[in-house]
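Q: Please take a close look at the aromatic side chains in this model. Then set them in the context of the rest of the chain.

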Amino acid sequence: MRRVKRGTSDDSWRPCGSSGIISSTVSITQGRKNVQANVLLCVLLTIVVVSSIGASVLLNCAVRLNVSSGQVRGWKEALAAAEAGGDIAYAEVRKTILNPSQAWSGWTNSGGIHTNTPASFGPHSLTTSSRIDSFYTDPTTGNAWYRIRAKGTAPFGGLRRVGMDDRMSVGTRGDTLLRKLDFSFDHFIATYGPNGDGAGKALVSVSTPQFTRRIELIAAPITPFEAAVKCTTSFLGPGSAGVIDSYNSNNGPYYFCANNPSDPHYSDSHSGSVAVATPNFATFNGTIYGNVSTNSGTVTPSSHIQGIIDNNVPFTVPPFVMPTDLPIPQASPTSGSGNVTINPPAAGSATTPTAYLISSVSGTLTINQVGSSQTYVAIHVTGNITGKITVKAGVHARVYFDGNIDVKARDIDNVSGLAANLQFYGISPTDPSTTQRIDIAPPGDFAATFYAPSADYHMNGNPDITGSIVCKTYYGNGNTSWHYDRALDKEGDAVDYRVVSYVEDIR
């Protein structure tokens, strides 16, 4: 019998047969298996617990993400829809000037408020509608200011529930409270009424949950006389002995003070600006007391230009069309040949002037004032103006002409001396290749304005003109001078509209 060393420190020996060795080995193996089984079970239990937690978190996040992302998308899309409605309405307002025959086509007018049929667009079925009202009319020019109210709606699919962002604390604000999601009823109509003025409040159901946002725009008229000379094709002037400067008729009659910094009206004398929509700008060495702008021109500073030069100012001037909102013309006169006197039956106003339709002016046309009242007259000349026009003091005359003007400066007799009281508007020919002409010859001086974007303006000699002009080409030689009246910056028929205010109604 062999002795097996037990591996102890005292080197003792014990007898061991083969059965003992097998028994010991089996015992050790079973122990190891039990340990491994326990570890595996713990791992599996841990995986189950962690998976359960992860699944719960993921499910919670998925619900929260779906609700929150859907609300964010719908909220932003509702604003995009409202702004689309604002753009549609703004384009319609511009039509009243640029294309009056097509203005308000498809719109409903009730009590001076224009509304359109709600329009749907986009892959998410966005809806927009607009309301337009003329809330103010300038008493001096008769130009209307428009208020645009646009509404945009975006549907929100899914369960009828809000998001999880309603927590309110010092540093946290709930977005859901801001978004005002409508589940069953339109909250705005229920609280403020359909027009937002508190009238007609009612419960109006919604077919599906939706977001609705509202914006308000103010469209203000753009008046034409914002510079001394504005031309779309080319400028050549002033005369070598002439000037282009400015003054303000609110401070009295014109006198030259552009070279006298100590003069009390010196600050009003350097606004004789010239704007050209092309590179074509040249001078006859006359002095321009104002800014000069071109579109890709090469104008450089010189002693002849007493202002800022900017050669990167593109602009466009749309053709001018005959206004369609003038009153019905008087029965007579219908011609301006010979000596013709107009005695308006009423003083009228800027919005309701006494209107006349005249074939041409070849004699002397005199427009009288009604008593001591400021008198407003609109004359449409369908042919040429080659005679004399006398506008008495207190008369505000607007002359719309389809043909050409060919007169001496003394034939434009504006007794008041205020350019705003005599305004000429050239109706652009239907054929764009046809060019109107405005030819001013010496002698004489006058005060008037011209808005004729399709006309070539030409003057020579020594006419001294107070006012403003918008034309196709400008040519002034000799001692020709032009004095811009700064009081004209808000005068004249509107030629376009611009948005001057944008707010969102967050109620």
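A: What follows starts with the aromatic rings and then moves out to the surface, the loops and the backbone.

This is a predicted model. The protein chain has 507 residues, and 43% of them count as buried. Three helices and 30 strands make up its list of secondary structure elements.

Start with the rings. Searching the whole structure gives 24 aromatic pairs. One of them joins tyrosine 146 and tyrosine 497. Their ring centres are 5.5 Å apart. The planes meet at 65 degrees, and over 60 counts as edge-to-face, so this pair is edge-to-face. The two partners come from distant parts of the chain. Tyrosine 146 belongs to strand β7 (residues 144-155), while tyrosine 497 belongs to strand β30 (residues 496-505). In sequence they are 351 residues apart. Is tyrosine 146 buried or exposed? Its relative accessibility is 11%, so tyrosine 146 counts as buried. Tyrosine 497 is buried too, at 4% relative accessible area.

Now take tyrosine 457 and tryptophan 482. They also form an edge-to-face pair, with 5.7 Å from centre to centre and 85 degrees between the planes. Tyrosine 457 sits in strand β27 (residues 455-459) and tryptophan 482 in strand β29 (residues 481-485), so the pair ties together parts 25 residues apart in sequence. Tyrosine 457 has 1% relative accessibility and counts as buried. Tryptophan 482 has 0% and counts as buried.

These two rings are part of a cluster. Ring pairs connect Tyr457 and Trp482 with Phe235, Phe281, Phe424, Phe446, Phe450 and Tyr474.

Charged side chains meet rings as well. Arginine 214 places its charged end over the ring of phenylalanine 188, 3.8 Å from the ring centre. Lysine 230 lies over the face of phenylalanine 315. There the distance to the ring centre is 4.9 Å.

Next, a buried nonpolar position. Isoleucine 342 is in strand β16 (residues 339-342). It is buried, with 1% relative accessible area. Which residues does isoleucine 342 touch, not counting those up to four places away in sequence? They are Pro333, Tyr356, Ile358, Leu365, Thr366, Ile367, Asn368 and Ile379. Threonine 366 is 24 residues away from isoleucine 342 along the chain, yet their C-alpha atoms are separated by 6.0 Å.

Contacts between remote positions also show up in the chain totals. Among contacts with a separation of 6 or more, 59% are between residues 24 or more positions apart.

Two loop residues give local examples. Threonine 141 lies between β6 (126-137) and β7, in a loop. Although in a loop, threonine 141 is buried, with 2% relative accessible area. Beyond its neighbours within four places in sequence, threonine 141 contacts Ala350, Arg398, Lys490, Glu491 and Gly492. Asparagine 251 is in the loop between β10 (243-247) and β11 (274-276). Asparagine 251 is partly exposed, at 40% relative accessible area. Leaving out neighbours within four places, asparagine 251 is in contact with His265 and Asp268. Alanine 487 is 236 residues from asparagine 251 in sequence, but the C-alpha to C-alpha distance is 9.6 Å.

Turn to the surface. The protein chain has an accessible surface of about 25200 Å², and 54% of this belongs to carbon and sulfur atoms. One nonpolar patch covers about 440 Å². Val39, Leu40, Val43, Leu44 and Ile47 make it up. Valine 43 is in helix α1 (residues 18-98). Its relative accessibility is 39%, so valine 43 counts as partly exposed.

Last, the backbone. Most residues other than glycine have a negative phi, and most peptide bonds are trans. Where are the cis bonds listed here? One joins glycine 237 and proline 238, with omega about -10 degrees. Proline 238 is in the loop between β9 (229-236) and β10. Another runs from proline 442 to proline 443, with omega near 0 degrees. Proline 443 lies in the loop between β25 (436-441) and β26 (445-451).

Positive phi values occur as well. Serine 125 has phi near 55 degrees. This serine 125 is in the loop between β5 (119-121) and β6, and at 49% relative accessibility it counts as partly exposed. Asparagine 285 has a positive phi of about 75 degrees. Asparagine 285 sits in the loop between β12 (281-282) and β13 (287-288). With 47% relative accessible area, asparagine 285 is partly exposed.

Conventions
Residues are numbered from 1 along each chain as its sequence is written. This is a predicted model: local features need pLDDT of at least 70, side-chain atom pairs count only at pLDDT 80 or more; totals for chains, interfaces and linings use all residues. Side-chain values use heavy atoms; hydrogens and water are left out. Rings of Phe, Tyr and Trp (its six-membered ring) pair if their centres lie within 6.5 Å; planes under 30 degrees apart count as stacked, over 60 as edge-to-face and the rest as tilted. Helices (H or I, at least four residues) and strands (E, at least two) are DSSP runs, numbered from the N terminus. Buried means under 20% relative accessible area, exposed over 50%, partly exposed in between (1.4 Å probe, protein chains only). A charge sits over a ring if NZ of Lys or CZ of Arg is within 6 Å of the ring centre and within 35 degrees of the ring normal. Patches are made of residues with over 30% relative accessible area and no salt bridge: like charges are joined within 9 Å, nonpolar side chains (Val, Leu, Ile, Met, Phe, Trp, Tyr) within 5 Å. Accessible areas come from the Shrake-Rupley method with a 1.4 Å probe; for residues, only the protein chains shown count as cover. A salt bridge is a side-chain nitrogen of Lys or Arg within 4 Å of a carboxyl oxygen of Asp or Glu. Contact means heavy atoms within 4.5 Å.
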